[in-house]
Amino acid sequence: MQLNPYLNFNGNCRAAFDFYQACLGGTIEMVTTYGDMPADDGVSAPEGCGPSGDMAQLADLIAHIRLCFDGCVLMGSDCPPVMFEAAAGTTCALHPDTLAEAERLFAALSEGGVVMMPFGPTAWAEGFGMFTDRFGIPWMVNFEGSKA
């Protein structure tokens with residue numbers, strides 16, 4: 001069994017996942033847009049998304065994307081605009097194998113975002129930091145090292 005984060009975006013999912021792939025490496029193994037979905041699959045746009053729940057206005061948005069890297073899976077999609085809610089109450093936590101990799105990931109992923117706690121030593125870790133990335137997703141990078 002796996003537990004995989006599933007991130008929701010407000011129309012910028014593809015840009016976010018291209019950014020995550022550049023920072024984290026790996027392969028985007030699946031991309032499906034709303035336009036790729038068959039018209040008769042029973043999925044319709046929610047009320048408020050256009051005339052009669054018309055999926056056409058969502059055609060270029062990501063219905064599902066999957067990035068696989070270093071044994072991890074990160075998934076996401078664009079929410080129909082009337083359904084989008086900013087991320088709250090959860091955080092993506094990365095635990096790299098080395099302090100150097102933790103520093104690199106923190107610097108790369110936090111670029112253009114808002115840093116809440118700069119990366120540095122803590123009582124529990126050789127390196128830890130928190131930020132919200134440029135796409136509004138909260139992250140923590142933690143390297144416990146010898147403090148584990």
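These legends accompany close-up views of a predicted model.

**View 1. The whole protein chain, with two helices and eight strands.**
The model shown here is predicted. Read along the sequence, the elements follow the pattern β-α-β-β-β-β-α-β-β-β. The protein chain has 148 residues, and 39% of them count as buried. Take the contacts between residues at least 6 apart in sequence: 58% of these join residues at least 24 apart.

**View 2. Helix 1 against helix 2.**
Helix 1 spans residues 13-24, and helix 2 spans residues 99-110. Their axes come within 9 Å. The crossing angle is roughly 160 degrees. An angle over 145 degrees counts as roughly antiparallel, and helix 1 and helix 2 are therefore roughly antiparallel to each other. The crossing of helix 1 past helix 2 is right-handed. Helix 1 contributes Phe19, Tyr20, Cys23 and Leu24 to the contact. Helix 2 contributes Arg104, Leu105, Ala108 and Leu109. By class, seven residues of this contact are nonpolar, one is charged and none is polar.

**View 3. The open sheet in the order 5-8-7-6.**
Four strands make up this sheet, and their pairing is mixed. Strand 5 (92-94) and strand 6 (114-120) are the edge strands. Each of these two pairs on one side only. From one strand to the next, the twist averages 10 degrees. Helix 2 packs on the sheet. The strands touched by helix 2 are strand 5, strand 6, strand 7 (127-132) and strand 8. The direction of helix 2 makes about 165 degrees with that of strand 6.

**View 4. Strand 5 beside strand 8.**
Strand 8 covers residues 138-143. Strand 5 pairs with strand 8 in the parallel sense. Three bridges join the two strands. Leucine 94 stands opposite valine 141 of strand 8.

**View 5. Strand 4 and its pairing with strand 1 and strand 3.**
Strand 4 is mostly covered, with six of its seven residues buried. Strand 1 (residues 6-9) pairs with strand 4 in the parallel sense, over four bridges. Strand 3 runs antiparallel to strand 4, and five bridges join this pair. Glycine 76 of strand 4 appears in both pairings: glycine 76 is the bridge partner of leucine 7, and isoleucine 65 also stands opposite glycine 76.

**View 6. The hairpin of strand 3 and strand 4.**
Strand 3 covers residues 62-69, and strand 4 covers residues 72-78. Two residues lie between the strands of this hairpin. Aspartate 70 sits in the loop that links strand 3 to strand 4. Its phi is positive, at about 45 degrees, although aspartate 70 is not a glycine. Is aspartate 70 buried or exposed? The relative accessibility of aspartate 70 is 69%. The cut-off for exposed is over 50%, so aspartate 70 counts as exposed. Strand 4, which follows this loop, is mostly covered.

Note on methods:
Residues numbered from 1 in each chain as written. Predicted model: local features only at pLDDT ≥ 70, side-chain atom pairs only at ≥ 80, totals over all residues. Heavy atoms only, no water. Axes fitted to C-alpha atoms, helices over the stretch in contact; angles between N-to-C directions. Parallel < 35°, antiparallel > 145°, perpendicular 65-115°, else oblique. Left-handed = near helix turned anticlockwise from the far one by under 90°. Contact = heavy atoms within 4.5 Å. Nonpolar A, V, L, I, M, F, W, Y, C, P; charged D, E, K, R; others polar. Pairing = 2+ DSSP bridges. Buried < 20%, exposed > 50% of the residue type's maximum accessible area, 1.4 Å probe, protein only.
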